[in-house]
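Student: Please give me a close look at the empty space in this structure, and at what stands around it. Take your time and keep it connected.

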Amino acid sequence: MKRDIVIIGGGPAGLAAAVAAYDAGCKNVLVVERESEVGGVLKQCIHNGFGLTRFKENLTGPEYAHKFIEEAEKRGIEMLKDTFVTELTADKKVTCMNQSGIFTVEAKAVILAMGCRERSKGALNIAGTRPAGLFSAGTAQKYVNVKGMLPGKRVVILGSGDIGLIMARRLTLEGAKVLCVSEIMPYSSGLRRNIAQCLNDFGIPLYLEHTVAEIEGEGRVSGVTLVKVDENKRPIAGTEKHFDCDTVLFSVGLIPENELTERAGVALDPRTKGAVVDGDRQTQTEGVFACGNVLHVHDLVDFVSEEAEIAGRAAAEYALQGGRAHAYISAENGENVTYVLPQRVDKNKNAPQKLFFRVRKAFRNAVVTVDTGARRKTVKKIAVAPGEMESVALSAEEIGGAEYVKIAVTGGDR
Amino acid sequence: MELVCIECPRGCLLSAEKTEGGVSVSGNFCPKGRAYAEAEITEPRRVLTSTIRAAGAMVPVRTDRPVKKSMIFALMKKIRAARLTHAVAIGDTIMENIDGEGANVVASASYGGEPCSI
């Protein structure tokens with residue numbers, strides 16, 4: 001089997017990339033999806049707040065997904081569901097498995113759109129027994145919203161990521177008692193609006209600078225002890241708080257799902273845990289592109305769609321016209337910046353470029369400095385926070401004259 | 001009153017006070033923030049999202065407009081008791097005038113009437 005473009009993953013990134021590639025003239029596109037329906041995690045995100053940037057509408061997850069599914073179906077884009085990709089090679093052979101067997105698709109270009117998965121409790125090193133009743137927030141979300149089952153009655157949520165906050169509200173609405181949300185950092189990693197509408201609306205306390213001392217229970221969780229931590233994240237004795245509960249949710253971050261990428265020999269960036277890409281979202285393996293949460297974890301699906309369209313258009317160009325010669329300079333993170341994406345900027349592209357970055361800590365009245373070797377420019381931002389991706393735009397001329405790009409954030413009040 | 005605007009991910013920090021002429025609002029980046037703060041001071045409202053049980057599936061639903069925050073648990077009770085027995089398309093009304101003020105519960109996804117994974 002041969003296709004111009006194979007897209008691995010039919011979530012928001014894969015769907016937007018497929019539509020963009022098609023509209024850029026590449027009609028021979030295949031989307032491979034491991035679940036029985038496309039739409040990815042949006043299927044279980046029944047809350048609203050999606051699409052404000054892109055559609056100027058306040059959509060629920062399924063509604064946002066529907067817009068892209070409709071566009072893909074209108075174009076007759078081929079989508080293989082219930083199909084799992086077992087292997088990808090650097091020469092763009094995609095091995096798939098489904099009920100009809102194992103087969104390989106040879107592609108001119110591949111777009112990685114596998115998304116991310118939740119960091120598990122196992123990655124956290126928590127003392128105590130291993131009773132039932134511990135769920136990642138996304139698993140609990142699937143139980144409630146897709147399967148119609150309540151995972152428990154008295155719930156403690158560890159980590160204040162957005163999914164945890166959303167689930168605090170959702171479980172409360174479904175009749176569970178959410179006792180608290182505990183966060184080890186002095187600030188929440190979730191959006192401010194979610195603290196307001198998911199916790200404050202329902203009087204659910206948020207304990208900042210708290211961690212888990214112990215999870216108790218034989219068979220099923222029976223309680224959790226939280227403890228306050230000092231500035232070095234060490235527990236402060238005597239500050240323990242105990243909660244009787246039957247369920248503990250973990251909302252402790254997302255990790256790009258890059259096993260296929262890694263085995264294909266595509267270079268990864270330890271900062272983003274996704275591939276190293278250029279402005280076209282092309283990886284260092286020619287003809288392999290990446291977009292969405294498999295590339296770096298996004299806060300908003302609107303930006304996933306935007307990024308996927310860049311990858312889709314570029315993959316179409318690659319599949320139809322072949323590769324171009326590049327003249328790369330590197331984009332680096334300076335002071336108070338954890339990563340910059342893309343990591344490589346192509347001067348030959350001769351086009352303006354938006355660079356995305358994340359800050360290490362929150363600042364008010366921040367000054368973003370973009371150093372290109374040849375010149376320096378500064379951009380002011382009212383407020384920046386680690387949970388919210390920022391961007392700066394560089395013109396074609398600025399990139400043309402650059403030796404490198406380095407982004408730093410300074411000044412302002414902490 | 002200090003508020004966090006929930007209208008968009010920007011999450012503006014608002015300050016709202018009742019005045020003789022109405023409500024004075026500051027800190028908002030856009031008009032939505034003003035409207036939100038005014039409603040928070042007078043009668044807070046939220047769009048309610050949930051699911052309705054159907055044969056072999058949960059169908060995601062939402063209210064088609066914000067409903068009174070004080071009514072949310074009463075409305076949840078009605079939504080939890082409802083059963084969907086027929087096919088619906090995305091946007092179709094499933095429960096009419098659920099709050100007595102004209103808000104309908106509409107489907108956020110299509111449901112074929114058959115068991116499906118959504």
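Tutor: Let's settle one term up front: a helix here is a DSSP run of H or I with at least four residues, a strand is a run of E with at least two, and both are numbered from the N terminus. Keep in mind, too, that this is a predicted model.

Start with the enclosed space. Searching the whole structure turns up one cavity of 30 Å³ or more. The space in this largest cavity comes to about 90 Å³. Helix α7 of chain A, residues 301-321, supplies the largest share of the lining, three residues. Among the lining residues are A:A314, A:E317 and A:Y318, and also A:D280, A:Q282, A:E286 and A:F289. Further along the chain, A:G322, A:G323, A:R324 and A:H326 line the cavity as well. Sorted by type, that lining has three nonpolar, four polar and four charged residues.

Now for open space, in the form of the second largest pocket. Its volume is about 1600 Å³, and 49 residues line it. Nearest the centre of this pocket lie A:R192, A:A383 and A:E388 from chain A, along with B:P9 and B:R10 from chain B. Several elements give two or more residues to the lining: in chain A they are α5 (192-199), β25 (353-359), β26 (363-371), β27 (376-384) and β28 (390-394), and in chain B they are β2 (13-19) and α1 (31-42). The biggest giver is β27(A), with four residues. By type, this pocket's lining splits into 25 nonpolar, ten polar and 14 charged residues.

Since β27(A) gives the most to that lining, follow it into its sheet. This is an open sheet of five strands in chain A with mixed pairing, and its order is β24-β22-β29-β26-β27. At the edges stand β24 (344-346) and β27 of chain A; each has a single partner strand, so one side of each has no neighbour in the sheet. Direction ignored, neighbouring strands here are turned by 25° against each other on average.

What does the pairing at the β27 edge look like? β26(A) and β27(A) run antiparallel and are joined by eight bridges. One pair to click on is A:V370 with its bridge partner A:K377 in β27(A). These two strands make a hairpin with four residues between them, and A:G373 in the turn has a positive phi of about 85°.

Elsewhere in the sheet, β22 (residues 328-333) and β29 (residues 405-410) of chain A run parallel, with three bridges joining them. There, A:A331 has A:V405 in β29(A) as its bridge partner. Then look at the loop between β23 (337-341) and β24 of chain A, where A:P342 lies. The peptide bond joining A:L341 and A:P342 is cis, with omega about 0°.

If you like checking backbone angles, there's another spot worth a stop. A:K273 isn't a glycine, yet has a positive phi of about 60°. A:K273 sits in the loop between β19 (268-269) and β20 (274-275) of chain A.

For a contrast in pairing, try another sheet of chain A. Three strands form an open, antiparallel sheet in the order β14-β15-β16. Its edges are β14 (210-216) and β16 (241-244) of chain A, each with a single partner strand, so one side of each is left without a neighbour in the sheet. From one strand to the next, the twist averages 25°. Six bridges link β14(A) to β15(A), residues 223-228, in the antiparallel sense, and one of the pairs is A:T211 with A:V227.

Back to chain B, which brings B:P9 and B:R10 to the second largest pocket. The domain assignment divides chain B into domain 1 (2-42) and domain 2 (49-107). Taken over C-alpha atoms, the centres of these two domains are 28 Å apart.

How far do you trust all this? Chain B has a mean pLDDT of 91, and 95% of its residues reach 70 or more. Among the elements of chain B, the lowest mean pLDDT is 88, for β3 (residues 22-26), and the highest is 98, for β10 (residues 105-107). For the complex, the predictor gives an ipTM of 0.91 and a pTM of 0.93. The usual caution applies: predicted coordinates shouldn't be read in detail where pLDDT is low.

Definitions and conventions. Residues numbered from 1 in each chain as written. Chains lettered and ligands numbered in written order. Predicted model: local features only at pLDDT ≥ 70, side-chain atom pairs only at ≥ 80, totals over all residues. Heavy atoms only, no water. 1 Å grid on protein atoms, 1.4 Å probe; cavity = no way out; pocket = protein on both sides within 12 Å on 5 of 7 lines; lining within 4 Å. Points joined across faces, edges and corners; volume = space filled by probe spheres on them. Nonpolar A, V, L, I, M, F, W, Y, C, P; charged D, E, K, R; others polar. Domains from an automatic or database assignment. Pairing = 2+ DSSP bridges. Axes fitted to C-alpha atoms, helices over the stretch in contact; angles between N-to-C directions. pLDDT = per-residue confidence, 0-100.
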